[in-house]
Amino acid sequence: MRIGYPRAADGQIVGLLGGSFDPPHAGHVHITRQALKRFGLDRVWWLVSPGNPLKADAPASLPRRVAASQQIMDHPRVDVTDIETRLGTRYTAETIKALQVRYPRVQFVWLMGADNLASFHKWDDWQGIARAVPIGVLARPGEQVRAGKSPAARMFAGARLEEGAASALPHTPPPAWTMVTGPMVDLSSTAIRRAGLWER
Ligand SMILES: Nc1ncnc2c1ncn2[C@@H]1O[C@H](COP(=O)(O)OP(=O)(O)OP(=O)(O)O)[C@@H](O)[C@H]1O
Ligand SMILES: O=C(O)c1ccc[n+]([C@@H]2O[C@H](COP(=O)([O-])O)[C@@H](O)[C@H]2O)c1
């Protein structure tokens, strides 16, 4: 585990899982392991966000969320990072551009849960993101139908890979995306906060 700028060798395929992680939970761990396997990734970097631009309430402090993330995500091929703070970026489109400049020989894949695909069209320059990197979507309980019918899914319907071709995703020039199903973990940070198990 490292903080700051993680390392990746030339030619490696790195999945980026951005999130508030407020708090991190077993659902995040589950989709990270699933993404490593299903998309054939070399590494996954967790981008612990300074703050989701679409969320009104400020999250817990970044050091606390990073520390909790490091504790729960213990895997030799996963790095927990606060890279967006270092890059000075907040919007995902900017983050991806900055990472592609900083790591020109690394192939990035953006990762997200199905709930985020459903609202992806509200993100800054979302079509630019879809044209910049392949996108791997991981199933989330109760979200598949909404995600599959979402404006982003419809706009990029022609760029969708069958789930059976998920391992080809990182090697497919963007726009390219797929949604993988399988076992799911029904957990959310909201539910954990509501249960009083994480104070901001
Ligand atoms: N249980 C889960 N299954 C699939 N994807 C998940 C799950 N939990 C989180 N994700 C995905 O992980 C990424 C980061 O999620 P985030 O940190 O916002 O957690 P969250 O549980 O969705 O939080 P909140 O309830 O505060 O919105 C997002 O792409 C989200 O879709
Ligand atoms: O760039 C945007 O406009 C944008 C809007 C909403 C969410 N995101 C990113 O999506 C990721 C998941 O956010 P969250 O808060 O749902 O965990 C995280 O990396 C955010 O920075 C990005």
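This report describes a predicted model, beginning with its annotated domain and two of its helices and ending with a ligand shell and a loop glycine. Local features are given where pLDDT is at least 70 and side-chain atom pairs count only at pLDDT 80 or more, while totals for chains, interfaces and linings use all residues; residues are numbered from 1 along each chain as its sequence is written, and ligands are numbered from 1 in the order in which they are written.

For residues 16-194, UniProt lists "domain: Cytidyltransferase-like" in an unreviewed entry, and such annotations may be inferred rather than shown by experiment. Over residues 16-194 the chain is 38% helix and 16% strand, with the end C-alpha atoms 27 Å apart; helices (H or I, at least four residues) and strands (E, at least two) are DSSP runs, numbered from the N terminus.

The table sets out the burial of two helices, where a residue is buried if 20 or more other C-beta atoms lie within 10 Å of its own, exposed if 12 or fewer, and partly exposed in between, with C-beta atoms placed from the backbone.

| Helix | Buried residues | Arc of the buried residues |
|---|---|---|
| Helix 1 | Gly27, His28, Ile31, Thr32, Gln34 and Ala35 | within 165 degrees |
| Helix 2 | Arg65, Val66 and Ser69 | within 100 degrees |

The arc is that of the directions from the helix axis to the C-beta atoms. In helix 2 (residues 62-72) the buried residues fall within an arc of 100 degrees, so they line one face of the helix, whereas Pro63 and Gln71, on the other side, are exposed. Those buried residues pack against strand 2 (43-48) and strand 3 (78-81), a contact being two C-beta atoms, placed from the backbone, within 7 Å.

The 13 residues of helix 1 (residues 26-38) should span 18 Å at 1.5 Å a residue, which agrees with its end C-alpha atoms being 18 Å apart; the expected span is 1.5 Å times one less than the number of residues. Strands against which the buried residues of helix 1 pack include strand 1, strand 4 (107-113) and strand 6 (177-180). Just after helix 1, Gly40 takes a positive phi of about 60 degrees.

Ligand 2 is surrounded by 15 residues, the closest being Gly18, Gly19, Asn52, Tyr91 and Trp123, where a residue counts if its C-beta atom, placed from the backbone, lies within 6 Å. Strand 1 (13-19) and helix 4 (92-102) each supply at least two residues of this shell.

Gly142 lies in the loop between strand 5 and helix 7 (144-148), and Gly142 is exposed, with 11 other C-beta atoms within 10 Å.
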